[in-house]
Amino acid sequence: MGIWAAIIVSGVLPRTSVWAKTWTDRDGNAIEAELVGYSPADEIVTVSRQGKEFRLPLARLSDEDREFVLSFHENKLKVNATKAAALRGLFESVPVAKRAFSTPEGYLRTKDAQRYVQSFLWRGETPLEALGYDLAQERLAIWAPDNYDGVTPFGVYVCISSSAEAWWPRGEYEVLFKKHRLIVVSAYDAGNGQHLFRRVGLALDGLATVHATYETDPSRYYVGGVSGGGICSTHSAFLYPDHFRASFNIVRGALIDSYVMSREVPGHYEEGKKYGNTWPFMKEDDWERMAKERPDSRWVFISGENDYNYDFARESEGQWLRRGFAARFFDVPGMAHTNAPAEWFEKALLWVEE
């Protein structure tokens, strides 16, 4: 059936668009579809039939259609050049321009969010109160690499900071995120000690703001953080799998079952003491359901033997795998309670994107 098999089988009709045309592959198969975009990094053309998108290799198209796509891309680059240049680099104080949900209640409508709300004793603010922040008072740090062209869809890494300061890439992380075409966004005043739902809400709003401003690829929306930001990133992907495909939990871990500490960690943990799980309200059938509902989600844990949370991060991998999730622990030699070295973050990113 050739390259168009998946599109034809879908049985939908083409929608009217200035970019709707008859496309032909190298075997002579033809189909009506709308051009959505082109990614030169992997030479993939995205077309749509009545809102349903399909990714096609440029090399499989006819000579005429390949020329059309490349001409379209070149013209779009020229049109977007000035705007793209203005969006590159670091912006340290960006207003939150868009909410992920129209009202604070919207963040709590899902069954899983409701169970969070009902299962914990929230000291101080309730989850709804924590989500009632004034956007005019909130700020984000946004960083886009200098190869952002305004046409190629980039991924987004939402970093939940463990402090009141936002995080953005420096040094080797700049090189890493440029190489993998990732934009970074991080909220201020969303660190450890802040309400979970404030931190998660601002992470979602940061993503929504970037999505509204930049050309982005929703299949590459990730959330991560160090220590308290790491566990918060797991909560974010756990609650909102439609927004985040993967979480990068660095030097923290997220236990499904209770765990008996196998060593003494002075000032932190006692050998032989049992430590509780992260989601005590979840039952076995809940975990089975969630694993089936999100087969494309990825759960990353990164730590090293000099990190006091090492045992929890290492144990998390096995517990998540046993429940059917796609999880992996990256054991970094000599790593302490710090951010992951860029080379190890890249190993995790490559696993996520396999």
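Which residue in S4 stands opposite serine 48? In this predicted model, the partner of serine 48 is glutamate 53. That pair is a handy place to begin, so let us start with the sheet around it.

Serine 48 takes us to strand S3, residues 44–49, which runs antiparallel to S4 and is joined to S4 by 6 bridges. The two strands belong to an open sheet of 4 strands, with the order S1-S2-S3-S4 and antiparallel pairing. At the edges stand S1 (20–24) and S4 (52–57); each has a single partner strand, so one side of each has no neighbour in the sheet. If you look from strand to strand here, neighbours are turned by 55 degrees against each other on average, direction ignored. As a reminder, strands of a sheet pair through backbone hydrogen bonds, either parallel or antiparallel.

Now move along to another open sheet, built from 8 strands in the order S5-S6-S8-S7-S9-S10-S13-S14, with mixed pairing. Here S5 and S14 (327–331) are the edge strands, and each is left with one side lacking a neighbour because it has a single partner strand. Neighbouring strands in this sheet are turned by 20 degrees on average, again ignoring direction. Helix H9, residues 310–322, packs on the sheet and touches both S13 (298–303) and S14, and the direction of H9 makes about 155 degrees with that of S14.

Strand S6 is a good one to trace by eye. S6 covers residues 139–144, and 5 of its 6 residues are buried. With S5 (residues 89–95), S6 pairs in the antiparallel sense over 5 bridges, and in that pairing proline 95 stands opposite arginine 139. With S8 (residues 182–187), S6 also pairs in the antiparallel sense, over 4 bridges; there you will find isoleucine 142 opposite valine 185. For a parallel pairing, turn to S9 (residues 216–226) and S10 (residues 246–250), which are joined by 5 bridges. Glycine 224 has phenylalanine 248 of S10 as its bridge partner.

Next, the interior. The largest nonpolar core has 56 residues, and those with the most contacts inside it are Phe238, Trp279 and Trp320. Helix H6, residues 196–213, supplies the largest share of this core, with 8 residues. A second, separate core has 32 residues, including Trp143, Trp167, Ile250 and Ala342. Returning to tryptophan 279, we find that its contacts beyond four places in sequence include Tyr116, His235, Phe238 and Trp320.

Several of those names come back where two helices meet. The axes of H3 (residues 111–119) and H7 (residues 228–239) come within 9 Å and cross at roughly 135 degrees, and the two helices are therefore oblique to each other. Asp112, Ala113 and Tyr116 of H3 make the contact with His235, Phe238 and Leu239 of H7.

Finally, what about disulfides? A search of the whole structure finds 0 of them. Cysteine 159 is in no disulfide, and the nearest cysteine sulfur, that of cysteine 232, is 11 Å away. Seen from cysteine 232, the closest cysteine sulfur is in cysteine 159, and a separation of 11 Å is too far for a bond, given that a disulfide needs the sulfur atoms within 2.5 Å. Both cysteines are buried: cysteine 159 has a relative accessible area of 9%, and cysteine 232 has one of 2%.

Terms used:
Residues numbered from 1 in each chain as written. Predicted model: local features only at pLDDT ≥ 70, side-chain atom pairs only at ≥ 80, totals over all residues. Heavy atoms only, no water. Buried < 20%, exposed > 50% of the residue type's maximum accessible area, 1.4 Å probe, protein only. Pairing = 2+ DSSP bridges. Axes fitted to C-alpha atoms, helices over the stretch in contact; angles between N-to-C directions. Core = buried A, V, L, I, M, F, W, Y, C linked by side-chain atoms within 4.5 Å. Contact = heavy atoms within 4.5 Å. Parallel < 35°, antiparallel > 145°, perpendicular 65-115°, else oblique.
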